[in-house]
Every structure is written in C-alpha cells, then in structure tokens.
Amino acid sequence: MLSVSRLRVAEGGSASYTIALGTPPSGDVTVAISGDATADLTLTPASLTFTPSNWNRPQRITLAAPENTDFIGDTITLTHTASGADYGGIIATVTVTVVAADPTEEAKAWQLRLGRTVSHQVVNALQDRLSAPPGAGLAIHCCRGGYHQRPTVGGT
C-alpha cells in the first residue's frame with residue numbers, strides 16, 4: 001500500500017512517501033522502484049524489503065529534486081514492482097510532479113547584469129568618440145524599415 005498516488009516536489013526540495021504491505025506475506029517481499037528518475041529526480045532507497053515480521057510497518061522513500069536551469073517542470077511516474085512470496089507481479093505507481101524553480105529572481109538579476117553591461121558599453125563608446133579630436137565624427141548604425149542608414153555626426 002502506497003501512502004500517496006500523486007506527489008509534488010519543488011526543484012531544490014524534497015518530499016517523501018511510505019510503502020507497507022496490505023497483508024502478511026509468506027516470505028520476504030522486495031519492492032523495486034523504477035521510472036524516469038533522471039537528473040531531475042533522485043530517490044532513496046531504490047528498493048525495499050518486507051518480511052513476515054515487518055510487513056505492516058511503513059518504509060519511507062525520499063525524493064529529491066535538484067535545482068536546474070531549464071525552468072521546466074517534469075512529471076515522472078515511479079513504478080513499484082513487488083516480487084517474492086505471494087506478492088509477485090503486483091505493481092503500483094506514484095506520479096511525481098517536479099515543480100520548476102521560479103525563474104523570476106534569476107531572470108531579473110540576469111537582465112540587470114545584461115543591462116549594466118550594454119549601458120556601460122554604450123557610455124564607454126560615446127566617451128571615447130566624444131573625447132576624440134574635432135572632426136573625427138561619430139558613426140551611428142541603425143536599421144529601420146528594412147534598409148540601413150548610416151548618419152554621421154561630426155564635431156567641430
């Protein structure tokens with residue numbers, strides 16, 4: 001018996017659920033957990049063993065979703081396959097939704113850095129041109145309406 005059928009975990013976070021058997025087994029039962037547990041999700045442990053003496057004590061599975069830079073959530077189905085004793089071939093699933101980290105703060109920081117870089121480059125270029133000797137000119141390149149213009153601003 002799974003404690004959940006669906007679970008949400010945020011990138012950079014973790015979550016857990018438990019598994020127990022519904023009836024006492026006649027021998028040891030191993031539950032193997034598989035699925036698309038890639039770099040977006042890790043689980044510990046990947047298998048559990050139940051015995052006739054611990055069959056009804058829930059065993060915990062912990063999921064961890066490391067942060068990544070794709071800002072895309074994922075849905076992963078974990079399959080739990082029982083083998084051994086009288087539980088052979090029983091399968092149960094948990095659907096895990098990995099919620100992407102909020103890109104807002106990182107995007108704002110990136111835009112701020114980019115904006116500073118571009119504005120510094122423009123200021124530096126203008127300062128270099130404006131401190132040039134008179135008559136050196138200032139070329140401004142632009143594209144408008146599908147054709148290129150190249151006005152020149154001279155300084156005397």
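Ser34 counts as partly exposed, because its relative accessibility is 41%, where buried means under 20% relative accessible area, exposed over 50%, and partly exposed in between (1.4 Å probe, protein chains only). The model is a predicted one, in which local features need pLDDT of at least 70 and side-chain atom pairs count only at pLDDT 80 or more, while totals for chains, interfaces and linings use all residues. Residues are numbered from 1 along each chain as its sequence is written, and side-chain values use heavy atoms, with hydrogens and water left out.

**The surroundings of Ser34**

Ser34 lies in strand S3. Strands (E, at least two residues) and helices (H or I, at least four residues) are DSSP runs, numbered from the N terminus. Leaving out residues up to four places away in sequence, Ser34 touches Thr77, Leu78 and Thr79; contact means heavy atoms within 4.5 Å. His80 is 46 residues from Ser34 in sequence, and the two C-alpha atoms are 6.6 Å apart in space.

**The five-stranded sheet**

Strand S3 belongs to an open sheet of five strands with the order S1-S8-S7-S3-S5 and mixed pairing. Strands S1 and S5 stand at the edges with a single partner strand each, so one side of each has no neighbour in the sheet. On average, neighbouring strands of this sheet are turned by 25 degrees against each other, direction ignored. Axes here are lines fitted to C-alpha atoms, for helices over the stretch in contact, and angles run from 0 to 180 degrees between N-to-C directions. Two strands pair if DSSP finds at least two bridges between them. Strands of a sheet pair through backbone hydrogen bonds, either parallel or antiparallel. The table lists the pairs of this sheet with an example of residues that face each other.

| Strand pair | Sense | Bridges | Example of partners |
|---|---|---|---|
| S1 and S8 | parallel | five | Arg6 and Thr95 |
| S7 and S8 | antiparallel | eight | Asp74 and Val98 |
| S3 and S7 | antiparallel | six | Gly35 and Leu78 |
| S3 and S5 | antiparallel | four | Ala32 and Ser47 |

A further example for strands S3 and S7 is Thr30, which stands opposite Ser83 in S7.

**The three-stranded sheet**

An open sheet of three strands has the order S2-S6-S4, and its pairing is antiparallel. Its edges are formed by strand S2 (13-19) and strand S4 (42-44); each has a single partner strand, so one side of each is left without a neighbour in the sheet. From one strand to the next, the twist averages 20 degrees. Seven bridges join S2 to strand S6 (residues 59-65) in the antiparallel sense, and Ala15 stands opposite Leu63 in S6.

**The nonpolar core**

In soluble globular proteins, nonpolar side chains tend to be buried together. A nonpolar core is a set of buried Ala, Val, Leu, Ile, Met, Phe, Trp, Tyr and Cys residues joined through side-chain atoms within 4.5 Å. The largest such core in this model has 24 residues, and those with the most contacts inside it are Tyr17, Ile19, Leu41, Ile61, Leu63, Leu78 and Val96. At least two residues of this core come from each of strand S1 (6-10), S2, strand S3 (29-35), S5, S6, strand S7 (74-83) and strand S8 (91-99). Val96 offers an example of the contacts: leaving aside neighbours within four places in sequence, Val96 touches Leu7, Val9, Leu41, Leu63, Asp74, Thr75, Ile76 and Leu78.

**The protein as a whole**

The protein has one helix and 12 strands, which run β-β-β-β-β-β-β-β-α-β-β-β-β from the N terminus on. Of its 156 residues, 24% are buried. Among contacts between residues at least 6 apart in sequence, 57% join residues at least 24 apart. The accessible surface comes to about 10000 Å², and 56% of this belongs to carbon and sulfur atoms. Accessible areas come from the Shrake-Rupley method with a 1.4 Å probe; for residues, only the protein chains shown count as cover.

**Confidence in the model**

The protein averages a pLDDT of 77, and 60% of the residues score at least 70; pLDDT is the predictor's confidence in each residue, from 0 to 100. Confidence is highest in strand S5 (residues 47-50), at a mean of 94, and lowest in strand S12 (residues 152-153), at 48. Over residues 147-152 the pLDDT is below 50, and this stretch has 13 contacts in the model beyond near neighbours in sequence.
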